[in-house]
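Here are some short exercises to work through with the structure in view. Try each task yourself before you read its solution.

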Amino acid sequence: MTRAERERDLRDRLIHAGHLIPLPTRGLATFTSDVEAVVRGVDGLVRTMEPVAGVVEIGVPPFLPEVEFVRTGYLRSFPHLLGSVDVFTGSPRDHRALMADVEAGNPWTERLSPAHLDLLSAPCHSAYPLHQGQSLHTPRVYDIHSRCWRHEPSDDPMRLMSFRMREKVLIGSAEQASAHRESGLGHGPRLLSDLGLPVSRVVANDPFFGRMARLMAEGQRDDELKFEFICDVYGGDDGGVALGSANYHQDHFGGDFDITGPDGGPAHSACIGFGLERIALALFAVHGMDTGRWPTAVRDGLRLGP
Ligand code: AMP
Ligand code: ZN
């Protein structure tokens, strides 16, 4: 089987077992009780993974105001992945025209206006704006769960456009950010291998857009800024699937948001992120479709109950 066939095979098995209800739009899926229970279990493990003194858990909206979104540099590097929100702000007359278009089967979204909100692509992007223009005397550590958006439609059940991620983010000095990333490089793979997921840690790069993509990716790899926790979910030699990542951003976000670190220089940051559906589905791929037959230690770790 080719990689694409193996991806579809996993999707079919999840559908057949009643775990995944396919939706008409590629890259969107509805999951049912067993997957949701595993997602909750994984989320709980990530949340309590590595208690760092002073860590603050924050609940954030799945959007960023446009100005902040632009500041993150996402538009520059990943325009192909973004999504933004439109709203209706018209008069009753505009509404009648809108409904007439809808009823006639005409395009109608042109009658909406931009809300100047962009869909969050990574939870950590909501942390940096909290400190815009500030001088931090101590590092800030956040634990953030959010639904994320990336426009990458696919038949691979592990590659969704809308998915959940939990991240541990540190904003501080270069040493503190490097140490945070280093600690994630130890804790992240351990969390996954304790669940029976065979993972390896590899140097990786983000999917940059456009003519500079290769250069940017090479720079990121040469500087070893991004590591991924890769699991060989699909077999074969065409690469595994990233279940999580540990990223050192240097002063990228500190510079963009004008944050000064405890050492008086631009703040550095690092994040450790885990894709919750990805990890849950990897568990189904590795341990089988019936969670009742998963190893007891895995069920216990995920608090799946007796
Ligand atoms: P990244 O910020 O790209 O390193 O992503 C962090 C983690 O989010 C990845 O390791 C995956 O577990 C998860 N993830 C990223 N993109 C997707 C996607 N399209 N669908 C599902 N999970 C994803
Ligand atoms: Zn991040």
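**Exercise 1.** Decide whether C124 and E167 are buried or exposed in this predicted model.

*Solution.* Step 1: recall the cut-off, since buried means under 20% relative accessible area. Step 2: look at C124, which has a relative accessibility of 2% and therefore counts as buried. Step 3: do likewise for E167, where the value is 3%, so this residue is buried too.

**Exercise 2.** Find which residues of the protein hold the zinc ion (ligand 2) as donors, and work out how they are spaced in sequence.

*Solution.* Step 1: list the donors, which are C124 through SG, E167 through OE and C271 through SG. Step 2: check the distances; these donors lie 2.1 to 2.3 Å from the zinc ion. Step 3: write the spacing of the donor residues along the chain, which reads C-x42-E-x103-C. Step 4: place two of them in the fold. C124 belongs to the loop between β6 (113-119) and β7 (140-149), while E167 belongs to strand β8 (residues 162-172), so this pair ties together parts that are 43 residues apart in sequence.

**Exercise 3.** Count the aromatic pairs, then describe how F229 and F274 are arranged.

*Solution.* Step 1: taking ring centres within 6.5 Å as a pair, the count is seven aromatic pairs. Step 2: F229 and F274 make one such pair, with 6.0 Å from centre to centre and 40° between the planes, an arrangement classed as tilted. Step 3: F229 sits in strand β10 (residues 226-231) and F274 in strand β12 (residues 268-275), so the pair ties together parts that are 45 residues apart in sequence. Step 4: check the burial of both rings' residues. F229 has 0% relative accessibility and counts as buried; F274 is buried as well, with a relative accessible area of 0%.

**Exercise 4.** Look for other groupings that involve rings: which residues form a cluster, and which charged end sits over the ring of F227?

*Solution.* Step 1: follow the ring pairs, and you will find F69, Y74, F78 and F208 linked into a cluster. Step 2: turn to F227, whose ring has the charged end of R201 over it, 5.4 Å from the ring centre.

**Exercise 5.** Describe the surroundings of E152.

*Solution.* Step 1: locate E152 in the loop between β7 and β8. Step 2: its relative accessible area is 19%, so E152 counts as buried. Step 3: leaving aside neighbours within four places in sequence, E152 is in contact with L81, R159, L160 and M161. Step 4: pick out R159, whose side chain is joined to that of E152 by a polar contact of 3.0 Å.

Terms used:
Residues numbered from 1 in each chain as written. Chains lettered and ligands numbered in written order. Predicted model: local features only at pLDDT ≥ 70, side-chain atom pairs only at ≥ 80, totals over all residues. Heavy atoms only, no water. Donors = N, O, S within 2.8 Å, 3.2 Å for Na, K, Ca; no water. Helix = DSSP H or I, 4+ residues; strand = E, 2+ residues; numbered from the N terminus. Buried < 20%, exposed > 50% of the residue type's maximum accessible area, 1.4 Å probe, protein only. Phe/Tyr/Trp six-rings, centres within 6.5 Å; stacked < 30°, edge-to-face > 60°. Lys NZ or Arg CZ within 6 Å of the ring centre and 35° of its normal. Polar contact = N/O pair within 3.5 Å; in protein donor to acceptor, adjacent residues only side chain to side chain. Contact = heavy atoms within 4.5 Å.
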